[in-house]
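Let's take a walk through this structure together, one region at a time. Keep the 3D view open as you read.

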Amino acid sequence: MSGFVGDTVELRCLFINSKPPAKISQVTWHKLINGTAQNVATANPALGVSVLPPFKDRVSFKHPAVHQKTPSSLEDTTIVFTNLRLSDEATYICSYTAFPAGNRENMVKLTVFARPVTKLVLTATNIVERTPKRKMPVATCMSANSKPPSVIKWNTTLKGEATFQETRNPNGTVTVRSNYIMFPSRETHRQKLTCIITYRSEHFTDSVTLNVQYAPEVKIEGFDRNWYLNRPNVQLTCNADANPPVTVYQWKLLNGPLPNNIEIKNNTLFFKGPVTYELGGTYVCDATNSIGTRSGLVEVNVMGKLWMLIQDS
């Protein structure tokens, strides 16, 4: 017989009477522990039914007739375990005392299984891309307190490797822990990791999404290589891919101070008035978040009258 922790199971025991009929004087259930028989429950026509600690609140005879105190009522002395415990796993002996048949007994082995408690979590609250790149555990999948042990597998498109650790607990259960190790980067941000835990014929699946923090990747947009003299309404925008978001944008012109006709709003440079030669140069945007600062640049060239004449011709 087998069952899971918390289940209800029956250990069946029947006395198949002989000819001439035997008179049953007592039935006793024993639990065999390291070769020693421990009394579990007894049914006696004269003394009634008794269940001994630690089974008193969880073990009972299945058939009400057993309590009638008649020898004939003891032919079926199946017992029922409720709220099964890991410690209940053992070999049990059902022993009949009868006249003139003598003593008769048989055994049944009870196996107790324990389903795992499963968990999948990100290993750290802040997973940060490092420079130079460095491997680190990003997620932990755990199957705790199972019997028999579970098997853990990872399902992901991310390149990495898994480590496994198995711990045998004092109560006979096993805890299996697996870490997924990889290089966290901007490309792996918001990617999914799935853990599959197999316990006997059951499968437990859970997923997490990586939250990788990284310094800004900066690109300046707005210069279309068509800035000509007197062109109106031009601007440069500093676009930064960052996690967490950029908190500070700083603009500078490598070949001198920023032109006076510039208005800065958030991450955008607005050039007031028409384009002049003074707008030419290398513009740099520094974008900063809590991880670091990175820069982007663009070389702005202003086309003059000769270029416009060529275009017109």
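The largest pocket of this predicted model is lined by 14 residues. Those nearest its centre are Cys13, Leu14, Cys94, Glu105 and Asn106. The space inside comes to about 170 Å³. Two elements, S8 and S9, each give two or more residues to this lining, and S9 supplies the largest share, with 5 residues. What classes of residue make up the lining of the largest pocket? There are 10 nonpolar residues, 3 charged and 1 polar.

Strands S8 and S9 turn up again when you look at the largest nonpolar core. This core has 29 residues, and the members that touch the most others are Leu11, Trp29, Phe81 and Tyr92. At least two residues each come from strands S2 (9–11), S3 (23–33), S4 (36–44), S6 (59–61), S7 (79–81), S8 (90–99) and S9 (102–113). Here the largest share belongs to S8, which brings 5 residues. Further along the chain you can find a second core, separate from this one, with 23 residues, including Ile220, Trp227, Phe271 and Tyr283.

Now turn to a sheet of 3 strands. How are its strands ordered? The sheet is open and runs S13-S16-S17, with antiparallel pairing. Strand S13 (151–155) and strand S17 (202–209) are the edges, each pairing on one side only. On average, neighbouring strands are turned by 20° against each other, direction ignored. Strands of a sheet pair through backbone hydrogen bonds. Between S16 (residues 192–199) and S17 there are 8 bridges, and you can spot Thr194 standing opposite Ser207 in S17.

Note on methods. Residues numbered from 1 in each chain as written. Predicted model: local features only at pLDDT ≥ 70, side-chain atom pairs only at ≥ 80, totals over all residues. Heavy atoms only, no water. Pairing = 2+ DSSP bridges. Helix = DSSP H or I, 4+ residues; strand = E, 2+ residues; numbered from the N terminus. Axes fitted to C-alpha atoms, helices over the stretch in contact; angles between N-to-C directions. Core = buried A, V, L, I, M, F, W, Y, C linked by side-chain atoms within 4.5 Å. Buried < 20%, exposed > 50% of the residue type's maximum accessible area, 1.4 Å probe, protein only. 1 Å grid on protein atoms, 1.4 Å probe; cavity = no way out; pocket = protein on both sides within 12 Å on 5 of 7 lines; lining within 4 Å. Points joined across faces, edges and corners; volume = space filled by probe spheres on them. Nonpolar A, V, L, I, M, F, W, Y, C, P; charged D, E, K, R; others polar.
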